[in-house]
Amino acid sequence: MSSDPNSPEYPPYSPHTTKIRTIPIESLEVAASYHKIHSVRITWVDLVNATGFRVIPLKSFQRLLASSRPGITITQCVFGFVINQAASGFGPIGEYLYVADLTSMRLCSYAPGHVSIMGWFQDKVPAPGRVLGTGVPMCPRSTLNRIVDTAKSYNAAFLVGFESEFILLKSTNPIEAVNAHGWNSARALPSGTKETEVIEEIARGLINSGIELMMYHSEAAPGQYEIVTGPLPPLEAADALVHTRETIANVASKHGFRATFAPRLNLDNCGSAAHTHISVHPIDSEHPSELQNLSQSSTSDKNETSDNSLTPLERIFLAGLLKHLPASCAFTLPLRASYARMLDGIWSGGTWVAWGRDNREAPIRLCVPAAPLEPELATNAPSKNHFEVKCVDGTSSPYLVLASLIGSGLLGIQSQTPLVEQDCATPAALMTEAERDAVGVTRRMPMSWEEARAALGADEALKSVLGDLVDGFLSVGQVSHLIAELGCVVLCCFFFIFNCSAVLCSRMLMDPCYLDFGRDFTLPEERGGESADARRVLLRWQALRFRRWFPVWKGLC
């Protein structure tokens, strides 16, 4: 490696220098020979974050490539299925053509001989009011791509990186983690253990698939680990996260473990998140758009913060992000279980709409770079700030998450939204009402699944950016909720028949491992108050949940 400090070997992260390392379609034959590839997984993610794929033999895939639109046909109900139930608004009529995105191919290290490729849901035949060959409104990947393209016309580009937290379980009945350790503990990765072998295989697999692995380490809950992957443009970052999750889950399964992204598996310990890091950059600082010129002007609104840590573009992006954050939570925290993690006082982002410099009790954390030893090196340098969005967990679709978050920021850029909320240097839950008012922190985050969905339904601006998929998302979410509630009844009956204790029944109902969707976890309205003790509230809720379902057990048993 060159000793020149200005060597291009490791340029600063920017939309211009960040490279996407996938398998070029023109190199497929060479890669197929070297890696003995025989199958292609044409992969998608639906509205409830269920990953699906169809396996195409390599020769059949090569035959597809001869078409002007290489893809496979899939029922239009693909976005309406929850397990085997169709949501309202979806039916048996119609097909999409799922066209392979030839720039998205990655090696599946966890499935020797397989590669994975993403795609675009398009109309199979011309549809009124739509251009053939473009993504349909219900396609999350196409929606994200459209929003990113729109932002380019406002001279804004983005980089996104993810933290993937998960828990390795050696048993799901009873729930038992692979070990008990502390945060960043050396005891979590002892040489010669099966869990260390799993984590190292995940790491190697991600690197071999072309995903930049920045680090991995243990987290605070029993059996909990975190994989941190590097920044990419939004669409490619979402693709990489899907591949990362598939790698984690499949490698764990191969070794007889289960990797769960459940938001809150242990009531007396940390939950699992998918912290999302977003940086916003001007595409052309020399020739900004007219709107960008406006954003460079000095702050004129008396309520707008003049924090010098933020560039004008970052300010208006952040203002839009905060304004629409409650509605975005419908996508970023899509399960009832998600709201058990978002409490005050446990470093998960808290329950107030706020931001703060390196404040882990705010849902948006401003991450600022380390100051250089030679200040002159920073003169006129591009901003190296980025925002960590903490109110995201691993049960959410990365395409819907980024479409809603970047779409919110885009609304701020388009309307030059003033940033009313100021840097929150103290956890908002520890402030008095007057102190919160002084820094513009006046709104609460959604306290439940229902509140987040209601906020989305009421946010007309964000719905207009996201388009028709909002109605589909709300519809399938209702079906998945009903299926989970039915699952609760079945579990209640089972455990009542076998005379399980109330505490055990309640614990089983709360653990997302026992249901495919984990949507049976909610909290009472008192959750998240400034002085609430999170553990006491959660334990109290267990008893309330047990009493709620007891009449149902009696009626059905």
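Two strands pair if DSSP finds at least two bridges between them. With that in mind, here are legends for several close-up views of this predicted model.

**Figure 1. Strands β3, β6 and β9 form an open sheet.** The order of the three strands is β3-β6-β9, and their pairing is antiparallel. Strand β6, covering residues 95–100, is joined to β9 by five bridges. For a landmark in this pairing, look for L97, which stands opposite Q122 in β9. The edges of the sheet are taken by β3 (71–75) and β9 (119–123); each has a single partner strand, so one side of each is left without a neighbour in the sheet. Ignoring direction, neighbouring strands here are turned by 35° against each other on average.

**Figure 2. Strand β1 has partners in both β2 and β8.** As a reminder, strands of a sheet pair through backbone hydrogen bonds, either parallel or antiparallel. This view lets you compare the two senses. With strand β8 (residues 114–117), β1 pairs in the parallel sense over four bridges, and I42 has I117 of β8 as its bridge partner. With strand β2 (residues 51–57), the pairing of β1 is antiparallel and spans seven bridges. Here S39 stands opposite P57 in β2.

**Figure 3. Both faces of β1 are covered.** Strand β1 runs over residues 39–45, and seven of its seven residues are buried, so the strand is largely enclosed by the rest of the structure. On one side you will find S39, R41, T43 and V45, and on the other V40, I42 and W44, all of them buried.

**Figure 4. K36 and N49 both take a positive phi without being glycine.** Most residues other than glycine have a negative phi, and most peptide bonds are trans, so these spots deserve a friendly second look. K36 lies in the loop between α1 (28–35) and β1, with a phi of about 55°. The side of K36 open to solvent is easy to appreciate: its relative accessible area is 64%, and it counts as exposed. N49 sits in the loop between β1 and β2, a hairpin with five residues between the strands. The phi of N49 is near 65°. N49 has 18% relative accessibility and counts as buried, because buried means under 20% relative accessible area.

**Figure 5. A cis peptide bond joins N173 and P174.** The omega angle of this bond is about 5°. P174 belongs to the loop between β10 (156–172) and β11.

**Figure 6. R187 is an exposed loop residue.** The loop in question lies between β11 (175–177) and α4 (194–208). R187 has a relative accessible area of 56%. Not counting residues up to four places away in sequence, R187 touches N179, A180, H181 and G182. Another useful reference point is S218: it is 31 residues from R187 along the chain, yet their C-alpha atoms are separated by 9.1 Å.

**Figure 7. The largest nonpolar core has 123 residues.** Those with the most contacts inside this core are F121, F166 and L168. Its largest share, ten residues, comes from helix α9 (residues 398–415). Leaving aside neighbours within four places in sequence, the contacts of L168 include A177, V178, V198, I199, Y225 and F257. Also among the contacts of L168 are E195, G223 and R258. A second, separate core has eight residues, including A354, C424, A429 and M431.

**Figure 8. Helix α8 is mostly covered.** The helix spans residues 325–332, and eight of its eight residues are buried. Following α8 along the chain, the buried residues are L325, P326, A327, S328, C329, A330, F331 and T332.

**Figure 9. The whole chain gives the setting for the close-ups.** The secondary structure comes to 15 helices and 18 strands. Of the 557 residues, 57% count as buried. The accessible surface is about 24400 Å², and 55% of that belongs to carbon and sulfur atoms. Among contacts between residues at least 6 apart in sequence, 72% join residues at least 24 apart.

**Figure 10. Two stretches of the model have a pLDDT below 50.** Across the chain, pLDDT averages 84, and 80% of the residues score at least 70. Over residues 1–6 the pLDDT stays under 50, and the model has three contacts beyond four places in sequence for them. Residues 289–306 also have a pLDDT below 50, with 29 contacts in the model beyond near neighbours in sequence.

Methods. Residues numbered from 1 in each chain as written. Predicted model: local features only at pLDDT ≥ 70, side-chain atom pairs only at ≥ 80, totals over all residues. Heavy atoms only, no water. Helix = DSSP H or I, 4+ residues; strand = E, 2+ residues; numbered from the N terminus. Axes fitted to C-alpha atoms, helices over the stretch in contact; angles between N-to-C directions. pLDDT = per-residue confidence, 0-100. Contact = heavy atoms within 4.5 Å. Core = buried A, V, L, I, M, F, W, Y, C linked by side-chain atoms within 4.5 Å. Buried < 20%, exposed > 50% of the residue type's maximum accessible area, 1.4 Å probe, protein only. Areas by Shrake-Rupley, 256 points an atom, 1.4 Å probe, with all protein chains shown as cover.
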